[in-house]
Amino acid sequence: MSDSVTPPSDAYSEFVPTESEPFSVRHVGHLYRRMAFGATPEDLDRFVGKSPAETVDQLLGYDPDDDPLDAQLQQIIGLISLNRIENVQDWWFFRMMNSPRPAQERVALFWHNHFATSAGKVDQPILMHNQIELFRKRGLGSFRELLVAVTRDPAMLIWLDGRYNRKGKPNENYGREVMELFTLGIGNYTENDVKQLARAFTGWSLKGTEASFDPKQFDDGSKEIFGQHGTFNDEQAVGLLLTQPAAPRFIARSLLKEFVHPHPTEEQVNHYAGLVVAHDWEIKPVLQEMLTSRLFYSEWAYRAKIKSPVDIVIGGAKGLPGAKPTTSFLRDATAKMGQNLLYPPTVKGWDGEESWINANTVLLRFNFGLALAEQRGQDFAARADLDAWLKKHDLKSADDIINHFTRLYLDGRISGEANAKLQQYVANDPSKKPKPFELTPISVSTKIRGILHLIMSMPEFQLA
């Protein structure tokens, strides 16, 4: 995206496709990168020519209480143990790769970074699993209810010391971070608010893996929070937090930065903050309007974000027909690139954007693309049958093959120079002498996989 591109004047209007401006590969690919880690060929074929509203409804229209993978997890308990953190991570990677509801995992990842809780301190892996389940179940619902649930969540009670918050001995960690990092931001509360809010959150501790409330440890005395007086408990304190003018703006900014653009304007923040309040803190309708807007599909937002390691890994792997990488391979790859799931680096989570890219991680990203293309060793349970895929889609010429995979991974939008380099690669032998392309088992194993690696090494592939 060029720095000279600006948001459209009709930013908040719904993007309704027309004959002259259809819902194209560029639009579907953009939406799927932001909300589903990336598209499969089937995703593109299904939604190109439809509408943003229809596609977003399909992505977000799941029932969080009827998860098709819950039964599968119960069947493999014993094969994996949720008391091992690697298994908890692997289950999440399996879901990101295989869930018919990828947006559910994308939303869970957003909240994981928002409420950044680390297994480094929470030494019970099952609690980390349960917290991610909370984000899956309530991630598109009421933020008010989600915040109350997070306040009482066993992993959070350990992470920010809520389990030690007692009447007469308040622990201020959660009271401070719930305002600074989760709802208001720095400068929108006082030290007295921190102290008084901590008192409202007293009484919660752990019994095994469950949160437990002890009325005797709850400070039921009068408190003053944001100038309001009362005997406030945790649920009432959350209500007070969300009445602050900074709160809807904080959440609106977080949603915009995650799903639309890393640098939203104040006008955009105010617009979506108004929607947060109008929808009584329900996240789904706000996100639906955001994802169907002309703002979202504008050139200003297109390729405006740098892919996270999870986006690179899952998006790359999902596009390969029939490839089945092991979850340990995916887990290790993202960790090496700087995003070790369930281990955010600080209470602020991952910074993202430019922090994802440095001399070391760029090389790791390129090497991951090479590993995906070659699929050697024990990292893949099944290799992509490229020969069968090419036959299925009647791809025979170099142009057909290049167009197919650039459509899948880059929406077909690459520079003439980049396309020329791909053409030159295909048209040369290993010694770089001209040789007409011919589709053979050898060229599938070399040239086609080489094309995939080159595409995944392009600057455009690094952008979401």
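Visitor: What covers the buried residues of H18?
Guide: The cover includes H5, H17, strand E5 (324-325), helix H19 (359-374) and strand E6 (380-382). Covering here means contact, with heavy atoms within 4.5 Å. Helices (H or I, at least four residues) and strands (E, at least two) are DSSP runs, numbered from the N terminus.

Visitor: What kind of model is this, predicted or not?
Guide: This is a predicted model: local features need pLDDT of at least 70, side-chain atom pairs count only at pLDDT 80 or more, and totals for chains, interfaces and linings use all residues. Residues are numbered from 1 along each chain as its sequence is written, and side-chain values use heavy atoms, with hydrogens and water left out.

Visitor: Back to H18. Which residues are buried there?
Guide: Phe329, Leu330, Arg331, Ala333, Thr334 and Met337 are the buried residues of H18 (residues 327-337). Buried means under 20% relative accessible area, exposed over 50%, partly exposed in between (1.4 Å probe, protein chains only).

Visitor: And what comes just after H18?
Guide: Gly338, with a positive phi of about 110°.

Visitor: What does Thr361 touch?
Guide: Met337 and Trp356, leaving aside residues up to four places away in sequence. Thr361 sits in helix H19. Its relative accessibility is 6%, so Thr361 counts as buried.

Visitor: How do H5 and H17 cross?
Guide: Their axes come within 10 Å and cross at roughly 50°. H5 is residues 85-98 and H17 is residues 309-318. Axes are lines fitted to C-alpha atoms, for helices over the stretch in contact, and angles run from 0 to 180 degrees between N-to-C directions. The two helices are therefore oblique to each other. For the classes, angles under 35 degrees count as roughly parallel, over 145 as roughly antiparallel, 65 to 115 as roughly perpendicular and the rest as oblique.

Visitor: Which residues make the contact?
Guide: On H5, Phe93, Met96 and Met97; on H17, Val310, Ile314, Ala317 and Lys318. By class that is 6 nonpolar, no polar and 1 charged residues. Ala, Val, Leu, Ile, Met, Phe, Trp, Tyr, Cys and Pro count as nonpolar, Asp, Glu, Lys and Arg as charged, and the others, Gly among them, as polar.

Visitor: Switching to H7. How does H7 sit against H8?
Guide: The axes of H7 and H8 (residues 143-151) come within 11 Å and cross at roughly 170°. That makes H7 roughly antiparallel to H8. Leu134, Phe135 and Arg138 of H7 meet Glu145, Leu146, Ala149 and Val150 of H8. The split is 5 nonpolar, no polar and 2 charged.

Visitor: And H6 against H7?
Guide: H6 (residues 102-114) and H7 (residues 125-138) have axes within 8 Å, crossing at roughly 120°. H6 is thus oblique to H7. Gln104, Glu105, Ala108, Trp111 and His112 of H6 contact Ile132, Phe135 and Arg136 of H7.

Visitor: Rings next. How many aromatic pairs?
Guide: The structure holds 22. Rings of Phe, Tyr and Trp (its six-membered ring) pair if their centres lie within 6.5 Å; planes under 30 degrees apart count as stacked, over 60 as edge-to-face and the rest as tilted. Tyr174 and Phe201 make an edge-to-face pair, 5.2 Å centre to centre with 75° between the planes.

Visitor: Which parts does that pair tie together?
Guide: Tyr174 lies in helix H10 (residues 173-183) and Phe201 in the loop between helix H11 (191-200) and strand E1 (204-207), so the pair ties together parts 27 residues apart in sequence. Tyr174 counts as buried at 6% relative accessibility, and Phe201 at 5%.
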